[in-house]
Every structure is written in structure tokens, then in C-alpha cells.
Amino acid sequence: MTKSIIKLSGIILVIVLLTYLAISGFQITETTKIHGIKSEGGITQGLDLAGGSVIVFQAEKENPTKEEMDSAAQVITKRLENMGYTEADITVQGEDKVRAEIPSFSNPEEAAKQLGAMAQLRFVDGAGTEVLNGKHIKDASSEYGQTDQLGSASYYISLELTEDGRKAFYDATSRNVGQPIYIMLDDAIISAPTVNEAINDTKCVITGEFTQEEAKSLAANIKAGKLPFSMKTVEVRAISATLGADALDKAVTAGIIGLVLVMLFMILLYRLPGFMSAIALVAYIDVVLLICANLHINLTLPGIAGIILAVGMAVDANVIIFERIKEELIVGKGIRTAVEAGFSNALSAVIDSNITTIIAAVILMFLGTGTLKGFGTTLLIGVVVSMLSAIFVTKFLLRRVLEMGVKNIWLYGVSKKKLAKKEGNANA
């Protein structure tokens with residue numbers, strides 16, 4: 001019994017710690033941090049909550065095809081996702097325009113500069129000869145660490161080339177050891193790394209005194225490749241939040257009230273299992289918030305709705321499990337056997353009900369745009385975590401209670417009326 005109390009206390013302590021981390025985050029090292037919802041760099045508010053920037057680009061080509069415009073929109077979308085703006089809404093307007101709505105980007109001129117500058121990506125040597133272009137770039141990412149054994153850790157760009165790119169880059173770096181290779185977007189130089197040695201590999205690094213944001217921005221510029229044509233900015237403006245400055249606070253308050261009411265309902269209806277599920281729900285909320293904060297999700301009201309909807313899915317799973325437990329107790333099985341059988345018998349129903357929601361969330365993530373994509377993202381995260389919470393965390397907590405010797409079946413949700421009926425049937 002003592003071990004069970006220690007285990008139960010330990011899991012509750014872990015949940016309390018998760019709650020703190022989910023709210024405030026924790027700085028591990030100078031460059032490594034667990035983000036919380038209130039820490040800098042964690043969750044950001046979407047366009048409907050925090051405002052942002054609206055930019056409209058126009059193709060500098062007569063009569064572009066629909067495929068070309070869709071390609072341009074996809075490149076801009078990918079560029080914004082690389083920059084961390086997953087909630088941006090990118091749409092093709094008319095025959096030759098692309099509209100970008102970017103939440104939490106208060107400087108539309110800077111956004112327009114970064115997005116519109118990616119039309120022509122080129123690597124040029126000192127003589128002005130193009131040695132690489134967008135088609136030679138397979139991938140680019142910002143990294144942190146040591147690039148050689150003697151150097152100190154720093155931010156750098158990891159670059160992956162196509163096979164044709166490797167050959168072209170080897171020729172260029174062989175001719176330009178000790179000289180810079182200029183990375184250009186249109187006619188602007190965005191970086192000028194010096195060639196230290198001939199590079200004959202599809203993978204290489206670009207080093208320099210980069211900050212985290214500089215490395216991230218340069219990698220995003222390179223990775224985005226090139227548009228099928230140049231685009232000019234025809235509209236740039238900042239917009240204010242459409243739902244008011246206190247909309248997020250109201251949504252969070254409503255969510256907390258709803259969560260408390262759900263917890264009370266579960267406790268009143270299922271008593272001890274309901275109380276365990278309430279503890280598991282707190283763990284679920286903590287994990288979801290930690291995932292959202294550390295994936296840097298831009299949160300909108302639909303995104304909050306996705307999280308709250310997943311709470312309902314978690315409760316639904318617990319209801320199915322607890323009803324199975326009650327059925328097993330009513331037919332006369334022991335409490336431990338009833339609990340194990342309840343979880344086992346309800347498992348397929350819980351998984352089936354959640355799989356259908358997961359499929360819908362995945363479709364919204366990959367086929368939706370803007371707030372629909374955000375709703376799908378938070379719903380998917382929430383449903384997966386809620387299912388695991390209902391199946392594993394609640395079960396772990398109930399097992400600890402069983403080990404403590406709590407055997408009154410009324411505490412497991414069986415009503416006195418059903419207890420009396422059961423006893424009457426037994427006497428008969």
C-alpha cells in the first residue's frame with residue numbers, strides 16, 4: 001500500500017511539474033529551452049487574435065497559367081512554414097495575384113521583402129558567373145553545433161545539393177578557394193560565405209557569425225527555391241485583430257470553465273474513476289500545450305476549439321471505459337478484474353471512435369488552409385494525446401488506487417439502486 005501511495009503521489013507530482021512547464025517553460029541551456037504558453041517563442045496568436053500583415057503579390061508575366069499561379073502560392077506557403085508561420089492563409093486571387101495573410105507579423109514591409117525576394121535564387125562567384133541556382137538545391141536547414149573539432153558551437157546552415165548541383169559546386173569551389181561565393185535573391189546579396197576548400201559532396205555547410213534568426217531566415221530563403229516567375233508587391237498593409245484584444249483571454253476562460261464542469265460531471269457520475277480521469281485530463285492539457293508551444297503553433301480561435309473538442313473526445317473515451325467497468329461490477333466480478341476487463345473491452349471502441357476523428361484532422365491539416373489547417377493540427381494533437389491519456393494515464397492511476405485496497409464498488413460508479421438490485425438477485 002505504501003508503494004502505491006508513493007507511486008500515486010509521484011505521478012501527481014509529475015503532472016504538477018508538467019503544468020508549470022506548460023505555462024512558464026524552462027530554460028535548460030543558453031540555446032535549449034522547453035517553451036510554455038507564456039514563454040517567449042512559444043505559442044503565438046493567429047491573425048484573428050493578434051492581427052498581422054496582408055501582402056498581395058502580382059506575377060510579372062502576361063497570362064500566367066493556373067498551374068504556375070498554384071506553384072507560386074505553394075512556394076510562398078512553404079516559405080512561410082519554414083519561417084514558422086504555419087497559420088498563414090495563402091490564396092490565389094484572380095488570374096495573376098497571390099494574397100498572403102500572415103498572423104503576428106507586424107512589419108508587412110519586411111514580410112513583403114522576405115517573401116518577394118525569393119523569385120530568383122542564384123549562387124554567383126566573384127566574376128559574376130552563376131554556379132548554382134534554385135533547381136540545384138535539394139534542402140537547407142538552420143542548425144546549431146560544431147562544424148569542426150576545433151571550433152565552438154554556433155548557428156550554421158546545412159545545405160543539401162542535387163547530383164548536378166554537387167558537380168557544379170565542386171567546379172566552382174575548386175576555382176574559388178579563399179574567395180567568396182555570393183548567394184543572391186534577384187539582385188540582392190543575402191550572404192557571401194568564403195570557400196575554405198573544394199567541396200565534392202551533396203552535403204555542405206555555410207558558416208558565419210549567424211544569430212538564430214539570421215540562420216533560420218537564410219535557410220528558409222535557400223530552401224524555398226525559386227518561383228516560376230518574378231512577382232512584384234502591389235499591396236502591403238498591417239491589420240488589427242478582428243476579435244479584440246481580450247478574445248484569447250475569454251476563449252481560455254471559457255475553456256477552463258468547460259474543463260472544470262466536465263471534471264465535476266465525471267466525478268459525480270463515476271466517483272473515484274471520475275476523479276482519476278480529472279487528474280488525467282490535467283495531464284492531457286499540459287502535454288497538448290507543451291507540444292503546441294514547442295512546435296511554435298500560431299494559435300487561432302479555431303485552433304483553441306480543436307483542443308477543447310479533443311477534451312470531449314478524452315471524456316468520451318473515459319465514459320466508454322467506466323461504463324464497461326460498471327457493467328463488469330454489476331454482474332458480480334471483483335473490482336480488479338472489472339477494471340482490467342473494462343479497459344480491455346472498451347479499447348477497440350475507443351480506438352475506432354478516435355481513428356475517424358484523426359482521419360478528419362489529417363485531411364484538414366494537409367488539404368485545408370489558414371485557420372482550417374490550424375484547427376486540424378490542434379485537433380490531431382489533442383485527439384492522439386487524449387486517447388493515450390484515457391487509456392494509459394487513467395488506467396495507471398486506477399491501478400494505484402486498487403493497490404491501496406479501495407474495494408467499495410459504490411466508489412467505482414455503481415449506484416445504490418443497482419447495488420440493492422444486485423443484492424436482491426443474489427438473495428433470491
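# Exercises on strand pairing, helix packing and a pocket

In strand β12, Ala 188 is the bridge partner of Leu 185. The model used in these exercises is a predicted one.

## Exercise 1. The sheet that contains β12

Task: Determine the strand order of the open sheet that holds β12, and identify which strands stand at its edges.

Solution.

Step 1. Begin with the pair that includes Leu 185 and Ala 188. Strand β11, residues 182–185, is joined to β12 by three bridges, and the two strands run antiparallel. Within this pair, Met 184 lies opposite Ile 189 of β12.

Step 2. Proceed to the other partner of β11. Four bridges connect β7 with β11, again in the antiparallel sense. Val 124 faces Tyr 182 in β11, and Arg 122 has Met 184 of β11 as its bridge partner.

Step 3. Continue from β7 to β8. These strands pair antiparallel over three bridges, and Arg 122 stands opposite Asn 133 in β8. The hairpin of β7 and β8 has five residues between its strands, and there Gly 128 adopts a positive phi near 85°.

Step 4. Assemble the pairs. The result is an open sheet of four strands, in the order β8-β7-β11-β12, with antiparallel pairing. β8 (130–133) and β12 (188–191) each have a single partner strand, so one side of each lacks a neighbour in the sheet, and these two are the edges. From one strand to the next, the twist averages 35°.

## Exercise 2. Helices on this sheet

Task: State which strands are touched by helix α5 and which by helix α6.

Solution.

Step 1. Helix α5, residues 163–175, packs on the sheet through contacts with β7 (121–124) and β8. The direction of α5 makes about 145° with that of β8.

Step 2. Helix α6, residues 212–223, also packs on the sheet, where it touches β7, β11 and β12. The direction of α6 makes about 120° with that of β12.

Step 3. Compare the two lists: β7 appears in the contacts of α5 and in those of α6.

## Exercise 3. A further four-stranded sheet

Task: Describe the open sheet that contains β5, giving its order, edges and average turn between neighbouring strands.

Solution.

Step 1. β5 pairs with strand β6, residues 97–103, in the antiparallel sense over five bridges. In this pairing, Ile 90 stands opposite Ala 100 in β6.

Step 2. The complete order is β5-β6-β4-β14, an open sheet with antiparallel pairing. β5 (89–93) and β14 (231–239) are its edge strands, each paired on one side only. Neighbouring strands are turned against each other by 15° on average, direction ignored.

## Exercise 4. Two helix pairs

Task: Characterise the packing of α1 with α8 and that of α9 with α10.

Solution.

Step 1. The axes of α1 and α8 come within 9 Å and cross at roughly 35°. The crossing is left-handed.

Step 2. Examine the residues in contact. From α1 come Ile 12, Ile 15, Leu 18, Thr 19, Leu 21 and Ala 22. These meet Ile 279, Val 282, Ala 283, Asp 286, Val 287, Leu 289 and Leu 290 of α8. By class, the contact holds eleven nonpolar, one polar and one charged residues.

Step 3. For the other pair, α9 packs with helix α10 (residues 335–367) at an angle of about 145°, and the axes are 7 Å apart. Here α9 passes α10 in a right-handed crossing. The contact comprises 14 nonpolar, five polar and three charged residues.

## Exercise 5. The second largest pocket

Task: Establish which element gives the most to the lining of the second largest pocket, and describe that lining by class.

Solution.

Step 1. The second largest pocket encloses about 790 Å³ of space. Its lining consists of 28 residues, of which Ile 37, Val 252, Ile 256, Ile 285 and Leu 289 are the closest to its centre.

Step 2. The elements that each supply at least two lining residues are α1 (2–24), β3 (44–45), α7 (247–270), α8 (272–294) and α9 (301–330). Of these, α7 gives the most, with twelve residues.

Step 3. Sorted by class, the lining has 20 nonpolar, five polar and three charged residues.

Step 4. Relate this to Exercise 4. Leu 289, listed among the residues closest to the pocket centre, also takes part in the contact of α8 with α1.

Technical notes. Residues are numbered from 1 along each chain as its sequence is written. This is a predicted model: local features need pLDDT of at least 70, side-chain atom pairs count only at pLDDT 80 or more; totals for chains, interfaces and linings use all residues. Side-chain values use heavy atoms; hydrogens and water are left out. On a 1 Å grid over the protein atoms alone, a cavity is a set of points where a 1.4 Å probe fits but cannot get out, and a pocket is an open set with protein on both sides within 12 Å along at least five of seven lines; lining residues have an atom within 4 Å of a point. Grid points are joined across faces, edges and corners, and a volume is the space filled by probe spheres set on the points. Ala, Val, Leu, Ile, Met, Phe, Trp, Tyr, Cys and Pro count as nonpolar, Asp, Glu, Lys and Arg as charged, and the others, Gly among them, as polar. Two strands pair if DSSP finds at least two bridges between them. Axes are lines fitted to C-alpha atoms, for helices over the stretch in contact, and angles run from 0 to 180 degrees between N-to-C directions. Contact means heavy atoms within 4.5 Å. A crossing is left-handed if the near helix is turned anticlockwise from the far one by less than a right angle, and right-handed if clockwise.
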